[in-house]
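Work through the exercises below with the sequence and the model side by side. Try each task before reading its solution.

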Amino acid sequence: MSGATITDAVRVGRMPWSGLLALFSAAFTAVMTELLPAGLLPQLGAALGVPEGRAGFLVTAYAVASTLSAIPLTALLRGLPRRPVLVETLAGFALFNTVTALSSSYAVTFGARVLAGVMGGILWAMLVGYAARMVPVERRGRAIAIVSAGITVALCAGIPAGAALASAFGWRTAFLGLAVVAVALVGWVLWKVPDFPGEAATVRVPLRRVAVLPGVRTILGVTVLVLVGHQAMYTYLAPFVAFAGLGRTSVVLLVFGVGTVAGIWVTGVVIDRFPRVMLVVVLAVVAGAMAVLAVAGGPGWAPLGAVALWGAAFGGVPTLLQSALVDASGAGNADAATSMQTTVYNAGIAVGSLAGGLVLEGAGAGALPWTSLPLVAVAMAVVVAARRRAFPARRA
């Protein structure tokens with residue numbers, strides 16, 4: 001589909017499915033590149049001649065590089081046409097995954113992971129804005145949901161499949177496979193994804209001014225609250241499962257993952273009609289699930305049902321927050337705004353993991369849901385209160 005055809009599709013309200021699925025696949029590839037090493041630490045450590053702990057730093061290196069690069073590189077690249085930036089980012093994934101697959105040096109592999117993380121920072125800052133510009137405003141939320149689903153599919157299916165491939169054919173094959181996927185995506189993007197101009201210097205809004213646009217800081221604040229609350233519980237789900245007697249952690253994680261997939265689908269259906277109501281509902285459900293997990297210990301349907309509802313509700317949260325941020329900043333400023341959200345998102349994960357660990361050591365696993373509950377409740381209260389700018393009932 002050519003760029004002109006995409007424009008025609010936007011004008012008449014059709015969904016450019018092929019282009020959106022290309023962006024979905026880019027999100028899938030980025031998550032796989034970031035998290036696949038976490039399941040391969042023994043093999044990576046043995047091949048690179050380092051302990052598993054140092055092999056784990058390969059995941060950390062990617063995450064830190066992605067967090068630190070998102071805002072400055074987005075600011076640097078805002079003036080360039082969008083499709084060449086996307087293509088070169090995907091080519092970077094192909095190159096650095098190939099280096100990872102072929103390297104026998106820990107230093108070289110570490111460097112490749114850092115540079116892959118830089119590619120990730122650029123990609124995450126532009127995907128949401130790209131999807132928003134490909135569709136009419138009344139389909140914006142659905143388009144963002146489609147692209148964001150690549151994250152969920154990677155977590156629920158891609159990572160296990162990648163680990164199975166690595167077990168059968170070796171971890172190097174898994175990374176070569178990711179490189180091949182990235183190369184194929186370059187062709188797909190050139191064929192089906194439209195190009196959009198960068199922001200001219202004369203009209204480019206400085207990042208500091210994007211940050212103070214009405215509603216933007218509120219949405220970023222809600223993002224921090226939700227991520228800290230979620231991650232404090234999710235990071236230490238295994239010790240909580242053992243404490244509460246919920247059975248096998250793998251089963252509980254599967255229940256959460258299935259719920260997340262369902263939540264993404266429901267969000268994509270209703271987000272463009274009731275974005276604010278949907279966000280209030282999902283945060284209320286997460287808070288309710290935390291309350292159930294706090295008081296209902298032991299095996300049974302109640303705690304497992306709470307985990308399923310938690311997964312379903314949280315599955316829609318990133319898409320709802322991203323969509324609200326694009327609405328508040330405007331599609332033209334979406335890359336700058338989402339680069340801030342990328343940084344805030346990763347900071348929330350880090351703070352939540354740290355807070356959960358401190359609570360686990362100090363008060364025990366039973367206190368984890370009580371840690372998450374007030375944070376999510378405060379986030380919900382902010383959404384309810386910020387109905388004029390950050391979270392209006394309907395899209396302008």
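**Exercise 1. Decide whether Val 183 is buried, partly exposed or exposed.**

Step 1. The cut-offs on relative accessible area are: buried under 20%, exposed over 50%, partly exposed in between, with a 1.4 Å probe and protein chains only.
Step 2. Val 183 has a relative accessibility of 51%, so it counts as exposed.
Step 3. Val 183 is found in helix H8 (residues 171-192); helices are DSSP runs of H or I with at least four residues, numbered from the N terminus.
Step 4. From the C-alpha atom of Val 183 to that of Gly 221 the separation is 37 Å, with their positions 38 residues apart along the chain.

The model is predicted: local features need pLDDT of at least 70, side-chain atom pairs count only at pLDDT 80 or more, and totals for chains, interfaces and linings use all residues. Residues are numbered from 1 along each chain as its sequence is written, and side-chain values use heavy atoms, with hydrogens and water left out.

**Exercise 2. Classify Ala 55 as buried or exposed, and list the residues that it touches.**

Step 1. Ala 55 lies in helix H4.
Step 2. Its relative accessible area is 0%, so Ala 55 is buried.
Step 3. Leaving out residues up to four places away in sequence, Ala 55 touches Leu 41, Leu 44, Gly 45, Val 50 and Tyr 106 (contact means heavy atoms within 4.5 Å).
Step 4. Tyr 106 is 51 residues from Ala 55 along the chain, and their C-alpha atoms are separated by 8.3 Å.

**Exercise 3. Find the salt bridges and say which helices they link.**

Step 1. Look for a side-chain nitrogen of Lys or Arg within 4 Å of a carboxyl oxygen of Asp or Glu, which defines a salt bridge.
Step 2. Searching the whole structure gives 2 salt bridges.
Step 3. One of them pairs Arg 82 with Asp 335, with 2.6 Å between the closest N and O atoms. This pair links distant parts of the chain, 253 residues apart: Arg 82 is in helix H5 (residues 82-102) and Asp 335 in helix H15 (residues 334-363).
Step 4. Arg 82 is buried at 6% relative accessibility, and Asp 335 is buried at 9%.
Step 5. Arg 140 and Asp 327 also form a salt bridge, at 2.7 Å from N to O. Here helix H7 (residues 140-169) holds Arg 140 and helix H14 (residues 301-329) holds Asp 327, 187 residues apart.
Step 6. Arg 140 counts as buried at 11%, whereas Asp 327 is partly exposed at 29%.

**Exercise 4. Check the span of H12 against the expected value.**

Step 1. The expected span is 1.5 Å times one less than the number of residues.
Step 2. H12 has 22 residues and should therefore span 32 Å; its end C-alpha atoms are 32 Å apart, which agrees.
Step 3. The buried residues of H12 include Phe 256, Gly 257, Gly 259 and Thr 260.
Step 4. Among the elements that cover the buried residues of H12 are H7, H10 and H14.

**Exercise 5. Compare the span of H13 with the expected value.**

Step 1. H13 has 21 residues, for which 30 Å is expected at 1.5 Å a residue.
Step 2. From first C-alpha to last, H13 reaches 31 Å, close to the expected span.
Step 3. Buried residues of H13 include Met 278, Leu 279 and Val 280.
Step 4. The cover over the buried residues of H13 includes H10, H11, H12, H14 and helix H16 (368-385).

Key:
Helices (H or I, at least four residues) and strands (E, at least two) are DSSP runs, numbered from the N terminus.
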